[in-house]
Amino acid sequence: VFKENIEITSFDELQYFTGLSVITLYAFQNCTALTSVTLPPTVTTIEYEAFMNCGLTGTLTLPEAVTTIGQDAFKNCSGLTGLVIGSGVTSIGTYAFYRCTGFESISIEAVNPPALGEYDPFNYVPRNIPVYVPCGTLLAYQAAEGWSDFTNILDPCAMVTQTIALSQGWNWISTYLEITLDDLKAALVEALPNANNITIKSQRSGQTTVNGDRWRGALNTLDVALMYQITVPESCEITLEGLTVDPAM
């Protein structure tokens, strides 16, 4: 009914088709104008190329009942910016999300990492985007074939917040979180959005200073084992969020 229909722009009414358990192969293939669809909670299987080449945008949320995402199911849906995978998913087929290059984050609620197809379901998806996994499953996902290719897998239960008060002038700081230098820069700019001459100085490897909207200087990494000096033009508080550092590391 809908394959290659280039006029349909949304089908959120699909959620009311509660007798539906399978989104069949080619169901919405090449519906290039289709930007929004809401699947019914009864769907368990999304078959081959069901939404390939669709114009879907925003966050795609797959119902808890879904167990299988077929090969090429959402291939080339580059307008999607987020993906929420329900707890029931056990397998994701080859190239299921191929060239979904717009993804900014993935949230997955399955305690056991779903098996991934022979050829990477997330081919061309950025590997450094946040991938949020259920509490206590971080190590499992980091070790799972295919999932381990993602470099920013996060367990929300392990995420903590550190607030650091800075006085005007020079301050010594350290952090117990797994954060990057860019994270620290962003926190400083958020606390002092219009400030210039904020400097981060390492004990060992130089410094970086922001003037206008550009950071300049030789410092390009943050080592949690070191302390850093930060100078700010006025007192403020910065907030950092990340995983706690393993002391054994």
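In this predicted model, E178 stands opposite L243, a residue of strand β20. The strand on the other side of this pairing is β15, residues 177–178, which runs antiparallel to β20 and is joined to β20 over two bridges. Strand β13, made of residues 159–166, also pairs with β20 in the antiparallel sense, and here the pairing extends over eight bridges. Within that pairing, T163 has T239 of β20 as its bridge partner.

**Pockets and a cavity**

Strand β20, which covers residues 236–244, also takes part in the lining of the largest pocket, where β12 and β20 each supply at least two residues. Of the elements involved, β20 gives the most to this lining, with three residues. The largest pocket has a volume of about 390 Å³, and of the 16 residues that line it, N152, L154, E178, I179 and D183 are the closest to its centre. E178 therefore appears both opposite L243 in β20 and among the residues closest to the centre of the largest pocket, if one follows the definition of a lining residue as one with an atom within 4 Å of a pocket point.

The second largest pocket holds about 180 Å³ of space. Its lining is made up of 14 residues, and those nearest its centre are F2, L20, T24, A27 and F28.

Besides these pockets, the structure holds one cavity of 30 Å³ or more, and the volume of the largest cavity is about 60 Å³. Its lining is formed by I173, S174, T175, I179, L184, L222, D223, V224, L226, Y228 and L240. The table below sets out the three linings by class of residue.

| Space | Volume | Nonpolar residues | Polar residues | Charged residues |
|---|---|---|---|---|
| Largest pocket | about 390 Å³ | eight | five | three |
| Second largest pocket | about 180 Å³ | 12 | one | one |
| Largest cavity | about 60 Å³ | eight | two | one |

**Y228, a residue of the cavity lining**

Is Y228, which lies in strand β19, residues 228–232, buried or exposed? Y228 counts as buried because its relative accessible area is 3%, and the limit for a buried residue is under 20%. When residues up to four places away in sequence are not counted, Y228 touches N171, W172, I173, I200, K201, S202, L219, T221, L222 and D223. Among these contacts, I173, L222 and D223 also belong to the lining of the largest cavity. Another residue of that lining is S174, which is 54 residues from Y228 in sequence, although the two C-alpha atoms are 6.3 Å apart in space.

**The parallel sheet and the nonpolar cores**

Elsewhere in the model, five strands form an open sheet with parallel pairing, in the order β2-β4-β6-β8-β10. At its edges are β2 (22–23) and β10 (115–116), each of which pairs on one side only. Inside this order, strand β6, residues 68–69, pairs with strand β8, residues 91–92, in the parallel sense over two bridges. In this pairing, T68 has S91 of β8 as its bridge partner.

The largest nonpolar core has 48 residues, and those that touch the most other members are I23, F28, I46, F51, I69, F74 and F97. Each of β7 (80–85), β9 (105–108), α1 (138–143) and β12 (153–154) supplies at least two residues of this core, and β7 gives the most, with three residues. One of the core residues, I69, is in contact with I46, L62, F74, V89, S91, I92, G93, A96 and F97, leaving aside its neighbours within four places in sequence. Another core lies apart from the largest one and has 22 residues, among them L181, A195, L219 and L240. Of these, L240 also lines the largest cavity, and L219 is one of the residues that Y228 touches.

**Two residues with positive phi**

Most residues other than glycine have a negative phi. N53, however, has a phi near 65 degrees, a positive value, and lies in the loop between β4 (45–46) and β5 (58–61). N53 counts as partly exposed because its relative accessibility is 23%. The phi of N197 is positive as well, near 60 degrees, and N197 is found in the loop between α2 (181–191) and β16 (198–202). With a relative accessibility of 49%, N197 likewise counts as partly exposed.

Note on methods: Residues are numbered from 1 along each chain as its sequence is written. This is a predicted model: local features need pLDDT of at least 70, side-chain atom pairs count only at pLDDT 80 or more; totals for chains, interfaces and linings use all residues. Side-chain values use heavy atoms; hydrogens and water are left out. On a 1 Å grid over the protein atoms alone, a cavity is a set of points where a 1.4 Å probe fits but cannot get out, and a pocket is an open set with protein on both sides within 12 Å along at least five of seven lines; lining residues have an atom within 4 Å of a point. Grid points are joined across faces, edges and corners, and a volume is the space filled by probe spheres set on the points. Ala, Val, Leu, Ile, Met, Phe, Trp, Tyr, Cys and Pro count as nonpolar, Asp, Glu, Lys and Arg as charged, and the others, Gly among them, as polar. Two strands pair if DSSP finds at least two bridges between them. Helices (H or I, at least four residues) and strands (E, at least two) are DSSP runs, numbered from the N terminus. A nonpolar core is a set of buried Ala, Val, Leu, Ile, Met, Phe, Trp, Tyr and Cys residues joined through side-chain atoms within 4.5 Å. Buried means under 20% relative accessible area, exposed over 50%, partly exposed in between (1.4 Å probe, protein chains only). Contact means heavy atoms within 4.5 Å.
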